[in-house]
Amino acid sequence: MTTAPRTLSLGAFVQGAGGHIAGWRHPEAYAAGQLDFAFHAELARLLERGRFDALFIADVAALWGHQMDALSRSGRAEHFEPLTLLSALSTVTEHIGLVATATTTYNEPFHVARKFASLDHLSHGRAGWNIVTSVIPLEAANFGRSEHLEHELRYRRADEFVEVVRALWDSFADGALLRDKASGSYYDPAGLRTPHHQGEHFTVRGPLNISRPPQGHPVLFQAGSSQTGMAFAARHGEVLFTLQADLAGAQAFYAGVKKQVAAAGRNPDHVLIWPILFPLVGGTEEEARRKVAELDELVHDDVARRLVQDNIGDLDLTEYPLDGPVPDIPDSNRSKSRRDLLLGLARQENLTIRQLALRISGGATVAGTPEQIADHLEQWFTERGADGFNVSFPYLPGPAVDFVDQVVPLLRKRGLVHETYEGTTFRENLGLPRPASQEVAA
C-alpha cells in the first residue's frame with residue numbers, strides 16, 4: 001500500500017478590506033468591502049480560481065476590539081455574521097471549503113450543530129467549523145456576563161460542546177432518509193439515534209432535525225496554542241491555525257502537536273497545521289518592502305497602543321510611551337499562548353510598544369518577489385513547519401490577485417499544490433477521511 005504524497009493546502013483568511021489593522025486605509029483597498037456581498041463573491045471566485053482549499057471567516061460576537069477610540073480607527077467595527085455570508089457564498093462557488101467561527105462559550109450545541117449541518121447540505125459538503133472559546137471582553141458583556149469563564153473552564157465546556165455537536169450530527173444514520181413515496185416511509189426509524197446527553201454543562205435530548213451532513217461531520221478547525229488549547233486540538237481538531245514567528249518555532253509546534261495527536265489515538269496525518277501568512281508580492285524585494293512600510297505608516301498611534309494591549313493582557317498602556325519598551329504584562333484571562341509568544345518576541349528583540357504593534361498588525365508578513373514567497377512556503381512545508389497556510393491578505397483585493405496570479409502558478413510548477421480540485425467535498429480535497437457515524441442510544 002503506497003502513501004499519497006503530501007500536498008500543500010491553502011486557506012484564505014478574509015477580513016473585509018484586509019487582514020492588516022490599517023489595511024482599509026490603503027489607497028488601493030476597498031474600504032466598504034466588509035458588508036458588500038458582491039465584493040465577497042468576486043473574491044471567493046478569485047480564490048477558487050487559485051485553487052484555494054478554504055475561505056475562512058473569523059468572528060466575534062461583539063465589536064472586534066476593546067476600546068471605542070481605537071475601534072473608530074479600524075475597519076473591524078462591522079462584519080457579517082459568518083454563517084449567513086458563507087451560505088450566500090455557497091451559491092456562487094463550487095469547490096472551495098467554507099469555514100466559519102462559532103464560539104462554544106456563547107452558543108448552545110443544538111444551534112451550532114444545526115447551522116453547520118445546514119451549511120454542509122447547502123454547499124454539498126464544503127462546511128468547516130472553527131471552534132473558539134472566546135477571549136474578547138466585549139463578548140461577555142453581550143451575554144449578561146461581567147467577564148469570561150475562566151480559561152480552563154472554557155475548554156472543559158468546549159470539550160463537552162464538541163461531543164454533543166458530533167452526536168447530533170450523527171442523529172440520522174447514513175442512508176436513513178428514504179423518502180419512499182410508495183411505502184410512505186420518509187425515514188427508517190431504525191436509523192434515527194437520539195443522543196440523550198446529560199453532562200456538566202449541557203443537557204440535550206436530540207435528535208437533530210436535519211439528516212447527516214454530506215461530509216459526515218463538517219471539518220473541525222481550531223487555533224489554541226496554549227497547553228490546554230493544544231491538548232484540545234489533539235483530541236478534536238483537523239486543521240489547526242497557529243501564529244509562528246520563525247521556522248524553528250513552527251517546526252517545534254508542528255512536531256509537538258503531531259505527537260499529542262498520536263498520543264490521543266488519532267492519525268497525525270489527519271491533522272493539518274496551518275500557520276498564518278501575510279504575503280505582499282512585489283516585482284522586486286525592494287518594492288515589496290516599500291509596500292510593508294506604506295502599511296506601517298497607516299497605523300494610528302491609538303490603534304498601535306490598543307493593538308498591543310488587546311493582544312497580550314489587561315494592563316492599560318495609555319501612560320506608556322509608544323517608542324519605549326514593552327512593560328511587564330500580568331497574567332490575564334486572555335489567550336495565554338498568544339501573550340507568551342508576543343512578549344517573548346518583544347523581549348528577544350528589544351521591541352518598543354510601537355514596533356511590537358507593527359509586528360502584530362503585519363502578522364507573519366512575507367514580502368518579496370513571487371519566487372521568494374513561493375520559496376518560503378515550500379521551505380516551511382518540506383521542512384515540516386506546516387502542512388498548509390492560513391493566508392491573510394493585508395488589504396484587498398490587490399494582494400489576493402497578485403498571489404493567485406503570480407505565486408500559485410509557481411507552487412503548481414513545483415508540484416506543491418494540485419492543479420484542480422480532485423474531490424467533491426472539502427474533506428476529500430484536504431485528504432481527510434469521512435468520520436464514521438457514532439452509535440448513540442435510540
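**Figure 1. Close-up of the second largest cavity in the predicted model.** The residues that line the second largest cavity fall into six nonpolar, one polar and two charged, and the coordinates shown here and in every later view belong to a predicted model. The lining is made up of Ile21, Ala22, Trp24, Arg25, Arg73, Leu298, Val299, His300 and Val303, and these residues enclose a volume of about 40 Å³. With cavities counted from 30 Å³ upwards, the structure holds two of them.

**Figure 2. Close-up of the largest cavity.** A volume of about 120 Å³ is assigned to the largest cavity, whose wall is formed by twelve residues. Val14, Gln15, Gln34, Ile57 and His79 are the lining residues that lie nearest its centre. Sorted by class, the lining of the largest cavity consists of six nonpolar, five polar and one charged residues.

**Figure 3. Close-up of the second largest pocket.** The second largest pocket has a volume of about 650 Å³, and 27 residues line it, with Pro5, Arg6, Thr7, Leu430 and Gly431 lying nearest its centre. Three elements, β1 (9-13), α8 (247-263) and α15 (426-430), each contribute at least two residues to this lining, and the largest share, three residues, is supplied by α15. In terms of class, the lining of the second largest pocket divides into nine nonpolar, nine polar and nine charged residues.

**Figure 4. Close-up of the nonpolar cores.** In soluble globular proteins, nonpolar side chains tend to be buried together. The largest nonpolar core of this model contains 68 residues, and within this core Leu10, Phe52 and Trp129 touch the most other members. Helix α6 (residues 151-169) provides the largest share of the core, namely eight residues. A second core, separate from the largest one, has 22 residues, among them Val308, Leu345, Ile353 and Leu356.

**Figure 5. Close-up of the aromatic pair Phe52 and Phe393.** The model contains 18 aromatic pairs in total. In the pair formed by Phe52 and Phe393, the ring centres are 6.3 Å apart and the ring planes meet at 55°, so the arrangement is classed as tilted, an angle over 60 degrees being needed for edge-to-face. This pair links distant parts of the chain, since Phe52 sits in the loop between α1 (37-49) and β2 (54-57) while Phe393 sits in the loop between β13 (388-391) and α14 (398-413), 341 residues apart. Phe52 and Phe393 are both buried.

**Figure 6. Close-up of the aromatic pair Tyr106 and Phe143.** The rings of Tyr106 and Phe143 have centres 4.8 Å apart and planes at 10°, and because this angle is under 30 degrees the pair counts as stacked. Tyr106 belongs to the loop between β3 (97-103) and α4 (109-122), and Phe143 to the loop between α5 (137-142) and α6, so the pair ties together parts of the chain that are 37 residues apart in sequence. The two partners differ in accessibility: Tyr106 has a relative accessibility of 9% and is therefore buried, the limit being under 20%, whereas Phe143, with a relative accessible area of 40%, is partly exposed. Elsewhere, ring pairs join Phe13, Phe56, Phe221, Phe241, Trp274 and Phe426 into a cluster.

**Figure 7. Close-up of Asp170 and its polar contacts.** Asp170 is located in the loop between α6 and β5 and is buried, its relative accessible area being 0%. The side chain of Asp170 makes a polar contact of 2.6 Å with the side chain of Arg212, and another polar contact, of 3.1 Å, joins the side chain of Asp170 to that of His217.

**Figure 8. Close-up of Ser183.** Ser183 lies in the loop between β5 (177-180) and β6 (185-187), where the side chain of Ser183 reaches the backbone nitrogen of Ser185 at 3.2 Å. The relative accessible area of Ser183 is 49%, and because a residue must be over 50% to count as exposed, Ser183 is classed as partly exposed. Ser183 and Asp340 are 157 residues apart along the chain, and their C-alpha atoms are separated by 62 Å.

Definitions and conventions:
Residues numbered from 1 in each chain as written. Predicted model: local features only at pLDDT ≥ 70, side-chain atom pairs only at ≥ 80, totals over all residues. Heavy atoms only, no water. Core = buried A, V, L, I, M, F, W, Y, C linked by side-chain atoms within 4.5 Å. Buried < 20%, exposed > 50% of the residue type's maximum accessible area, 1.4 Å probe, protein only. Helix = DSSP H or I, 4+ residues; strand = E, 2+ residues; numbered from the N terminus. Polar contact = N/O pair within 3.5 Å; in protein donor to acceptor, adjacent residues only side chain to side chain. 1 Å grid on protein atoms, 1.4 Å probe; cavity = no way out; pocket = protein on both sides within 12 Å on 5 of 7 lines; lining within 4 Å. Points joined across faces, edges and corners; volume = space filled by probe spheres on them. Nonpolar A, V, L, I, M, F, W, Y, C, P; charged D, E, K, R; others polar. Phe/Tyr/Trp six-rings, centres within 6.5 Å; stacked < 30°, edge-to-face > 60°.
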